[in-house]
Structure formats: structure tokens, C-alpha cells
Amino acid sequence: ASNVSGHRFVYLKGNGALLANALEAWAINFLLKQGFLLLSPPDLIKDDVLAGCGFRPDGPASQIYRVSHGKNQGISLAGTAEIPLVGYYADKNVEMDLKRSDILVCAASNCYRAEAGDRGRKIRGLYRLHQFRKVEMVCLTRPDREESDKAFKKLVNLQETIYKSLKLPYRVVNIPADDLGDVASRKIDLEVYMPGMGMYGEVTSASECLSYQSSRLNIRNGSNFAYTLNATAVAIPRTLIGIIENYQQPDGSVVVPTTLRPYMKCDHIKQKLKSCDSDLLPQNFIHTPRNTLKSNQNDHDREHNHI
């Protein structure tokens, strides 16, 4: 895709595109069964909504693609569906909805990142792209720490259920306080083992934001501000890396995870699929699928740029 869009853009074609679509469709259906409302959000976001969610389009280390600066405010491409999902409730009083239950919404969207990223093997293949697909979850709760804590644990549990269902080796990383930034009071990442790079790579992130976003976007619960949380359900490209590398067979073909077979209409992809450049994942690369792993061990090489 470099001749069309530049570096760090990709085409997925044939079975690779079908596998990506199957993963996205399965994740959405899984969330619908958990009570989430599916939204189809816009990709372009106004500056005040970006800022309200904790993103600074004109910051020195901004990862945001600006489209227009505008006379009064600019507009930019969303780096995550978290922004339009939370922004959907701006200037609304959700007290009546929250009396019944937490608000659960999700979306599948394109995500745009102008990041410089790491140099070397972590930027090759599908691992770090300027544009990618992601299924995102957002939750609103009443302004109660116990309710927010319960919702946060639920979101992380859903993330783990997804990767257990895919039977991918993963670990759980509790992000230290000095890496949290301004928005989140707590954050947990899931990392999947990627044999081609010989490392665990971040595939999801869950954040508890309390009233940081709601107070800036005026999302109210009566006279108080509601609490917001967000979590990745599936980051499509990095999860594809995990599937392709952990399910690859001696002949280079890939076994389709059981949960995705109804969407792929097959249980085996005979065409060779590659998730990285050839020097990272040779054509004869073989890896035997492992049982799902779970670890709370912190890794100093883990990604700090959260999905």
C-alpha cells in the first residue's frame, strides 16, 4: 500500500480480509449478547470533543491527523471510537438511563494514528499502522466508585473472555500510576504472545476515567457528573498477528479459531498468510499453538502507546 498511501498502510486481501471481517463480526455479536448497544460513529471529530476526552490535537506529541483548523475550531480524524462514543453523550443528562443500569455502547471503526512509533521490528507488518480497524467498548456509570470498579472489572473480564475464546496465549498487565497520564485513574492492558517478534504485544487496553471526560463534556447524572470507562474489545491487525502466528501449521497454512469458523465458512486457510515482513516471519516459520496463558508480570519492553 506504500505506493497508494505511504508507509504503515496495508491492504488485506482474500482470506486475510475475510479473517479480519470474521473477527470483527464475531466480536460485535459477542458484545451485543452482553447487552451493548451498537453505534456507527463518525470518523471526524471536533476539537472540543477531542479535548473533552483528553486528546490534544495541537500537543507536541500529538498522534492526531488534523483535517481542518477551522475559524473557531478544527476537525480531526478519530484515533479510537472511544472519542465519538463518549462524545455522543455530551451535554446530556443520563440519570434516568443509569437508574436502570450502566450504559453500554460499542462500535467498530477505522482508527487513525499519526504516531512516529518505535523504530525497528515493532513497526513492520501489521503491528503499528496509521489506519486500522478496532472494536471498542464504552461504559457510563453513576458517580460511585464501587459501581465504576465493578464496571471496570466487567470490561476486563469481557476482554479476557474474547482472547480465551480465540485460544491465544495472553497476559494481563496492570499499568503503573506514572504511566497513566491525565485521563485514566486506572488502566489494564492485555498482551498476546507474537512468536514472529518473540514478544508479547499489546492488543487491548481498559481505562477507568471517573469524571475526567464527563466533567469536560457535561455528561451529567442529575446534578453530578457520570463516570466513564472505555476498553478495547478487539484491535483487528494485532489480533490477526496473534491468530496467524499461533495457528500456523507446518505447511504454512492457518487453522481458523473455532469461534470464527461460522463467519469464515471454513476451518482451515490453505493459502499461506504472513503477518510480518519476511525477515520477521520466514515463509517456513512454524509455531505450535499453546494453551492460553495468564500472567500479571510486568514487562519493561511492553508498549506504552495504548490501544
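## The main core

Of the 56 residues in the largest nonpolar core, Leu 23 and Tyr 163 are the ones that touch the most other members. A nonpolar core here is a set of buried Ala, Val, Leu, Ile, Met, Phe, Trp, Tyr and Cys residues joined through side-chain atoms within 4.5 Å; buried means under 20% relative accessible area, exposed over 50% and partly exposed in between, using a 1.4 Å probe and protein chains only. Helix 1 (residues 15–33) chips in the most to this core, with nine residues. There's also a second, separate core of 22 residues, with Ile 83, Val 94, Leu 98 and Val 105 among them.

Before going further: this is a predicted model, where local features need pLDDT of at least 70 and side-chain atom pairs count only at pLDDT 80 or more, while totals for chains, interfaces and linings use all residues. Residues are numbered from 1 along each chain as its sequence is written, and side-chain values use heavy atoms, with hydrogens and water left out.

## Helix 5 and its ends

Helix 5 (residues 145–165) has 21 residues and reaches 30 Å from first C-alpha to last, close to the 30 Å expected, which is 1.5 Å times one less than its number of residues. Helices are DSSP runs (H or I, at least four residues), numbered from the N terminus. At the N-terminal end, Asp 144 acts as a cap, with a side-chain oxygen 3.0 Å from the backbone nitrogen of Glu 146. Just past the helix, Lys 167 takes a positive phi of about 55 degrees.

Its buried residues include Phe 152, Leu 155, Gln 159, Ile 162 and Tyr 163. Ile 162 counts as buried because its relative accessibility is 0%. Skipping neighbours within four places in sequence, Ile 162 is in contact (heavy atoms within 4.5 Å) with Trp 26, Phe 30, Ala 233 and Val 234. Ala 233 is 71 residues away from Ile 162 in sequence, yet their C-alphas are 7.5 Å apart. With residues up to four places away left out, Tyr 163 touches Ala 233 and Val 234 too, and its list also includes Leu 168, Val 203 and Thr 239.

## Helix 7

Thr 239 is one of the buried residues of helix 7. In fact 11 of the 11 residues of helix 7 (residues 236–246) are buried, so the helix is largely enclosed by the rest of the structure. Arg 238 and Glu 245 are among the buried ones.

## Cysteines

A search of the whole structure turns up zero disulfides, a disulfide being a pair of cysteine sulfur atoms within 2.5 Å. For Cys 209, the nearest cysteine sulfur is that of Cys 53, 8.5 Å away. Cys 209 counts as buried because its relative accessibility is 3%, and Cys 106 does at 0%.

How values were computed
Helix = DSSP H or I, 4+ residues; strand = E, 2+ residues; numbered from the N terminus. Polar contact = N/O pair within 3.5 Å; in protein donor to acceptor, adjacent residues only side chain to side chain.
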